[in-house]
Amino acid sequence: MSLFGRAKRTAERPGLSREEALAAAPVRSLSVSETASDEGMILGYPATVTPWFGALARRLGLWDGRPMIRRLRLDAMGCTVWSWIDGRRDVRTLAAMLAERYTLHPREAEASMTAFLRELGKRGIIALRPAADRSG
Amino acid sequence: MRRICWNGTCLEVPADWDPLALGLAEMRLGPPGASVLSVKWTPIRGGFSTEKHFRKIARAFAGDGEAAREDWRADAAGQAETSGREVLPYVWRTGGESGLGAVVHDTAAGMGALLQARTDDRAAARAWLDSLQLARPGFPREFEVFDIRAEVPAGFDLESFFFKPGHFGLTFARGREQLVLERLGPADVLLQFSTLALLAGARWPDLTLSVASEPCSLPSGHGLEWSATPGPAARLAAALLRRRPYSRLRVWHEAEANRILVAAARAPSPLDAARFDAVCRSYVTLRTRETHG
């Protein structure tokens with residue numbers, strides 16, 4: 001690190017800005033199933049199969065074309081957050097609720113919430129509805 | 001206002017500010033999502049010229065901006081210089097941004113620092129500069145970031161750190177001696193189906209395996225401690241294999257803050273129990289510190 005080196009300017013990122021992402025509301029996918037478990041909950045969600053993998057699996061007789069269900073185990077904290085996702089509360093509100101419920105530092109709660117929602121989003125378990133869509 | 005300390009460097013900033021980026025000798029601070037203040041520092045061995053370092057800064061800005069000497073500290077008139085600190089203030093602009101900066105040489109601490117702010121608010125920048133304290137050799141290093149506070153004995157250098165949601169960690173070293181501070185949370189979730197003993201056994205097996213735990217009590221909470229003192233054979237093996245056979249682990253629950261704090265030490269020679277205890281006593285969450293003073 002250069003002691004007196006000038007700070008690098010951060011590159012602009014495409015997509016939602018921080019404010020837009022925090023104002024968006026997570027919405028549950030209708031195709032997700034919930035099963036209670038000893039230490040929390042298991043979410044079942046249809047796995048996305050890439051066309052080339054699907055074609056290969058069919059040729060090899062490994063897949064009959066029906067949707068494959070994958071499972072995601074949520075711990076107690078994950079269950080609590082999952083129960084708060086109602087399609088109306090935005091990410092900022094959910095992070096504030098998390099900070100309040102578990103006495104977390106606001107930035108830590110925000111980071112936890114965004115990481116959790118990102119994981120759910122990658123699996124297609126939730127989608128983010130921008131604030132503009134809700135108000136309109 | 002709140003105080004932020006990182007690796008011995010402290011300053012007073014607005015209450016809603018937090019570290020946005022941290023390095024071993026660097027921090028960037030600001031409200032969420034907006035880096036306003038950058039501070040870098042380094043120990044100075046030998047001579048140091050603030051003027052020479054300002055010329056480096058001016059050269060770095062020369063591409064698409066400029067940095068110019070200007071004393072933006074109204075009525076500062078050599079106040080800082082007389083307190084063993086030489087300050088060279090400047091203003092900078094680049095692209096669409098502008099701000100204030102200062103090269104600092106603290107002769108008492110033997111440190112050089114660069115403070116650079118993305119603001120034209122001279123009074124605010126002056127307050128940040130005036131509150132800047134640099135680590136002094138031979139004094140404990142202060143840490144006060146996010147929701148934790150600790151004092152680490154002089155001589156221990158910060159080697160690595162991480163701040164993940166739910167898990168913070170700082171690792172220090174002095175020679176072959178290692179000191180680790182961790183913070184886990186939320187405690188009620190971690191302890192819902194576990195205990196401190198089970199948690200420690202799973203996370204730090206090398207420090208708890210075949211070592212009996214003893215209850216310990218701190219002003220901030222109650223917990224358990226594991227202290228390993230090897231026998232002659234284990235000492236010989238450790239010397240041959242360059243291991244650290246002496247270890248101490250303390251895990252305690254700050255119920256009020258809903259956190260679990262952890263201090264661990266490993267060394268090739270017997271550990272200083274009083275020093276380890278002092279580190280543990282200084283290590284608290286800010287919530288508990290505010291409650292208990």
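Which residues lie nearest the centre of the second largest pocket? In this predicted model, the residues nearest that centre are Asp75(A), Met77(A), Gly185(B), Pro186(B) and Val189(B), and they belong to a lining of 26 residues. The second largest pocket has a volume of about 630 Å³. If you wish to find its walls in the structure, look in chain A for strand S4 (69-74), helix H3 (76-84) and helix H5 (106-122), and in chain B for helix H4 (187-190), since each of these elements supplies at least two residues of the lining. Sorted by class, the lining of this pocket holds 15 nonpolar residues, together with 7 polar and 4 charged ones.

From this pocket, with residues of chain A and of chain B in its lining, we can turn to the interface of the two chains. Here 23 residues of chain A are in contact with 40 residues of chain B. The size of an interface is often given as the accessible area lost when the parts come together. For chain A and chain B, the area buried between them is about 2600 Å², and 59% of it is on carbon and sulfur atoms.

Some of the contacts across the interface can be described at the level of single residues. The rule finds 2 salt bridges between chain A and chain B, and one of the residues taking part in a salt bridge is Arg183(B), whose partner is Glu108(A), with the closest N and O atoms 2.3 Å apart. Counting residue pairs in polar contact, where both residues have pLDDT 80 or more, gives 8 between the two chains. On the side of chain A that touches chain B, the elements giving two or more residues are H3 and H5 of chain A, and H5(A) provides the largest share, 4 residues. By class, this side of chain A is made up of 9 nonpolar, 5 polar and 9 charged residues.

Finally, there are the cavities. How many cavities of 30 Å³ or more does a search of the whole structure find? The search finds 2, and the largest cavity contains about 70 Å³ of space. Its lining includes Pro153(B), Phe156(B), Leu179(B), Asp272(B) and Phe276(B), while the elements that give two or more residues to this lining are strand S14 (177-184) and helix H8 (273-282) of chain B. The residues lining the largest cavity divide into 7 nonpolar, 1 polar and 3 charged.

Technical notes:
Residues are numbered from 1 along each chain as its sequence is written. Chains are lettered from A and ligands numbered from 1 in the order in which they are written. This is a predicted model: local features need pLDDT of at least 70, side-chain atom pairs count only at pLDDT 80 or more; totals for chains, interfaces and linings use all residues. Side-chain values use heavy atoms; hydrogens and water are left out. On a 1 Å grid over the protein atoms alone, a cavity is a set of points where a 1.4 Å probe fits but cannot get out, and a pocket is an open set with protein on both sides within 12 Å along at least five of seven lines; lining residues have an atom within 4 Å of a point. Grid points are joined across faces, edges and corners, and a volume is the space filled by probe spheres set on the points. Ala, Val, Leu, Ile, Met, Phe, Trp, Tyr, Cys and Pro count as nonpolar, Asp, Glu, Lys and Arg as charged, and the others, Gly among them, as polar. Contact means heavy atoms within 4.5 Å. Buried area is the accessible area (1.4 Å probe) that two parts lose on being put together, summed over both. A salt bridge is a side-chain nitrogen of Lys or Arg within 4 Å of a carboxyl oxygen of Asp or Glu. A polar contact is a pair of N or O atoms within 3.5 Å; within protein, one must be able to donate a hydrogen and the other to accept it, and residues adjacent in sequence count only if both atoms are side-chain atoms.
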